Amino acid sequence: MRLVLLGPPGAGKGTQAAAVRDMFNVPHVSTGEMLRSAIAAGTVLGEKAKAIVDAGNLVPDDVMAEIVKERLSAPDAAAGFLLDGYPRTLEQATTLESILQALGQKLDHVVYLALDDAEIVRRLSGRRTCTVCGAPCHATAAPPRVAGICDSCGGALVQREDDREAIVERRLRIYHERTAPLVGFYRQQGLLREIDARGTVHEVQARLVVALRRKQAAPRTPSRMGSET
Ligand code: AP5
């Protein structure tokens, strides 16, 4: 199974990824997580990306293309993957098609987690992220069993630099301008599975499972498409 998880920042992509990964037994490929690991390790990529990520801007498409091409060419991604955070621009979507074509592969589904901006701000302002495994939790909505400690691996939980209010506003603006058009792009290709991302983690997960088991919908004609959804 080859899946893309699409959605605004804070919609719950990272949270839901664990369930999808276990359901299909595929690696979770999070470009945000790869960039944060590179930043933490102080690699050349990390040094190039740090200021961009901390400011909530997008890392250039050519840099992302190299990272994704290398990761999807790894043996553990040969039988499938869950791509989270890529593509984020129409240019990246076209690049992804080329990467997959060269590998003799195709996407099966694009799962779109739809959520309004007000709820996104609520979720991101309370998010805490594990410094070791990258797993997210929420200070009030999904609190860890022990304050400040990751349930999954015992690592320390911190607030991401780009979860500060002013940066979240910029990330949302960039999402609406650059990433939201991908919803129509993938819908037109008949690949989109739209999920209402409101409600509890378990409610969203249940919708996701149902949507992924549904039979493939026919491609939509441009005249039936909305501007974003
Ligand atoms: P990335 O890490 O991909 O950030 P994002 O897309 O903005 O997504 P988030 O990780 O913020 O949110 P999420 O949807 O995973 O939500 P989560 O599950 O954590 O990218 C970071 C940066 O890297 C980018 O800004 C950019 O600079 C760069 N980058 C990455 N990819 C790039 C690319 N392709 N091109 C260029 N640049 C790139 O949930 C959020 C919170 O809500 C958590 O606290 C969680 O516990 C809580 N929560 C989740 N579900 C629920 C629920 N149902 N109810 C209540 N709370 C919930």
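A polar contact is a pair of N or O atoms within 3.5 Å; within protein, one atom must be able to donate a hydrogen and the other to accept it, and residues adjacent in sequence count only if both atoms are side-chain atoms. One such pair joins Arg-127 to the ligand: a polar side-chain atom of Arg-127 lies 2.6 Å from an oxygen atom of the ligand. The model is predicted, so local features need pLDDT of at least 70 and side-chain atom pairs count only at pLDDT 80 or more, while totals for chains, interfaces and linings use all residues. Residues are numbered from 1 along each chain as its sequence is written, and side-chain values use heavy atoms, with hydrogens and water left out.

**The ligand and its shell**

- A polar side-chain atom of Arg-123 is 3.4 Å from a nitrogen atom of the ligand.
- From Ala-11, a backbone N or O atom lies 3.2 Å from an oxygen atom of the ligand.
- The ligand has 1000 Å² of accessible area on its own, and the protein covers 96% of it; such areas come from the Shrake-Rupley method with a 1.4 Å probe, and for residues only the protein chains shown count as cover.
- Helix 1 (13-24), helix 2 (31-41), helix 6 (117-125), strand 6 (136-138) and helix 9 (201-213) are the elements that give two or more residues to the shell around the ligand. Helices (H or I, at least four residues) and strands (E, at least two) are DSSP runs, numbered from the N terminus.
- Helix 2 gives the largest share of this shell, 4 residues.
- Around the ligand there are 35 residues, of which Thr-15, Asn-57, Arg-88, Arg-127 and Arg-171 come nearest; a residue is near a molecule or strand if one of its heavy atoms lies within 4 Å of it.
- By type, the shell holds 15 nonpolar, 12 polar and 8 charged residues. Nonpolar means Ala, Val, Leu, Ile, Met, Phe, Trp, Tyr, Cys and Pro, charged means Asp, Glu, Lys and Arg, and the others, Gly among them, count as polar.

**The sheet of 5 strands**

- This open sheet has the strand order 2-3-1-4-8, with parallel pairing; two strands pair if DSSP finds at least two bridges between them.
- Strand 2 (28-30) and strand 8 (192-196) are at the edges with a single partner strand each, so one side of each has no neighbour in the sheet.
- From one strand to the next, the twist averages 20 degrees. Axes are lines fitted to C-alpha atoms, for helices over the stretch in contact, and angles run from 0 to 180 degrees between N-to-C directions.
- Strand 4 (residues 109-114) and strand 8 run parallel and are joined by 5 bridges; Ala-114 has Asp-196 in strand 8 as its bridge partner.
- Helix 8 (residues 181-188) packs on the sheet and touches strand 1 (2-6), strand 4 and strand 8, at about 130 degrees to strand 8; contact means heavy atoms within 4.5 Å.
- Helix 9 lies across strand 1, strand 4 and strand 8, and runs at about 160 degrees to strand 8.

**The sheet of 3 strands**

- Here the order is 6-5-7 in an open sheet with antiparallel pairing.
- Strand 5 (residues 127-130) and strand 6 are joined by 3 bridges, and Arg-128 has Cys-137 in strand 6 as its bridge partner.
- Helix 6 packs on this sheet, touching strand 5 and strand 6, and its direction makes about 50 degrees with that of strand 5.

**Backbone exceptions**

- Most residues other than glycine have a negative phi, and most peptide bonds are trans.
- Asn-25 has a positive phi, near 55 degrees, and lies in the loop between helix 1 and strand 2.
- Tyr-86 and Pro-87 are joined by a cis peptide bond, with omega about 0 degrees; Pro-87 is in the loop between strand 3 (81-84) and helix 5 (90-102).
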